[in-house]
Amino acid sequence: MIFIDANIFLAYDNLNDVNHTRALKILKEIESGKFGDFFTSDYIFNEVVGVTFRKKGKDRAVLLGEQILKSFLIINIDDHLLKEAWKIFSKTKLNLNLVDCTHLAAMKIIYVELIATLDKEFMNVPEIQVIS
Amino acid sequence: MFYMGTQITVRDVDSEVFREFKAEAVKRGLTIGSALTLAMEKFRSELNKKRPQFTVLKPVAWGKGTEQVSEEVDKILYGE
C-alpha cells in the first residue's frame, strides 16, 4: 500500500512542471498495482485543490479535484490522527510541517511504509520508504 | 435468526481508535462484533470499489512561471 503526496498530483497535472515526467511515471506504476492499494488524505486533497486554484484557476482546480475524488481512496484526518500528527510534529527534529506529520500519522495507523513524494525530507524518516 | 459468529483475537490495534470505536458502537446500540463486521464490510467495499484511473485526466500546460510549483507547495500555501 502506498500514500500519495500533493506534489505528485501537482507535478503530473502541469506539463510545465520540472517533475512532470517523474510524477507521470510514478502514477502509472501506482495504477499498475506495483505498490498494491493506494490512498491519499483529505489534507492532501485540500493542498492540491488550493495550489491549483491559485496557480491555474478554479476551472482546473475543480477538474483535478473531481478526478482525485473519483480515483483515490481518501483518508479523513480525524481528531485522533490530528493528535497523533501533533505528537510527531512536537517531537521531530526533521523539517516537516504539521500537514507532513498527518501523512506519517495516517501511514503509521494502517502500517503503510511507502510514500510517493518529491519532498526529500521524508527520506530522513527512518520507518518509511520514499518512492520518487 | 440466530447467527453464530467467529471469535477472534486481534493484535496491534491502536488503543485510542479502538476506544472511540467501542464508544460509537455502544452509543448506537451495537455489539462490538456487529460494529466490527459493519466496519470490515465498509473497508472491503471501499478498497474494492472500481475507480477510474487518475491518469485519464490529461495534464495541461500551466504556463510560464509554474515550473517549480510541485517543489513550492509549502511556500505557496503557507509562505514557508
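Two strands are taken to pair where DSSP finds at least two bridges between them. On that criterion, chain A of this predicted model contains an open sheet of five strands, arranged in the order β3-β2-β1-β4-β5 and paired in the parallel sense. The edges of the sheet are formed by β3 (73-75) and β5 (129-131) of chain A, each of which pairs on one side only. Between neighbouring strands of the sheet the average turn is 35°, with direction ignored. In general, the strands of a sheet pair through backbone hydrogen bonds, in either a parallel or an antiparallel arrangement.

The pairing can be followed residue by residue from β1(A) through β2(A) to β3(A). Strand β1 (residues 2-4) of chain A is joined to strand β2 (residues 38-41) of chain A by two bridges, in the parallel sense. Within this pair, A:I2 stands opposite A:F38 of β2(A), while A:F3 has A:F39 of β2(A) as its bridge partner. The residue A:F39 also stands opposite A:L73 in β3(A), and the pairing of β2(A) with β3(A), again parallel, extends over three bridges. Helix α3 (residues 42-55) of chain A lies across these two strands, β2 and β3, and runs at about 70° to β2(A).

Chain A as a whole comprises six helices and five strands, which succeed one another along the sequence in the pattern β-α-α-β-α-α-β-α-α-β-β. Its radius of gyration is 14 Å, close to the 14 Å given by the globule rule for 132 residues, and chain A is therefore as compact as a globular protein of that length. Taken along the principal axes, the box filled by the C-alpha atoms of chain A is roughly 40 × 30 × 25 Å. Of the 132 residues in chain A, 42% are buried. When contacts in chain A between residues at least 6 apart in sequence are considered, 61% join residues that are at least 24 apart.

The interface between the chains brings 29 residues of chain B into contact with 36 residues of chain A. On the side of chain B that touches chain A, at least two residues are supplied by each of α1 (15-27), α2 (32-48) and α3 of chain B, with α3(B) giving the most, namely five residues. By residue class, this side of chain B divides into 14 nonpolar, six polar and nine charged residues.

One residue of helix α3 (residues 73-78) of chain B, B:D74, may be considered individually. Apart from its neighbours within four places in sequence, B:D74 is in contact with A:N97 and B:E80, and thus with a residue of each chain. There are 18 other C-beta atoms within 10 Å of B:D74, and because a residue counts as buried only at 20 or more and as exposed at 12 or fewer, B:D74 is classed as partly exposed.

As regards the confidence of the prediction, the complex is assigned an ipTM of 0.91 and a pTM of 0.86 by the predictor. Chain B has an average pLDDT of 90, and 95% of the residues score at least 70. Among the elements of chain B, the lowest mean pLDDT, 89, belongs to α2(B), whereas the highest, 94, belongs to α3(B), the helix that also gives the most residues to the side of chain B touching chain A.

Note on methods
Residues numbered from 1 in each chain as written. Chains lettered and ligands numbered in written order. Predicted model: local features only at pLDDT ≥ 70, side-chain atom pairs only at ≥ 80, totals over all residues. Helix = DSSP H or I, 4+ residues; strand = E, 2+ residues; numbered from the N terminus. Axes fitted to C-alpha atoms, helices over the stretch in contact; angles between N-to-C directions. Contact = placed C-beta atoms within 7 Å. Nonpolar A, V, L, I, M, F, W, Y, C, P; charged D, E, K, R; others polar. Rg over C-alpha atoms; globule rule 2.2 N^0.38 Å. pLDDT = per-residue confidence, 0-100.
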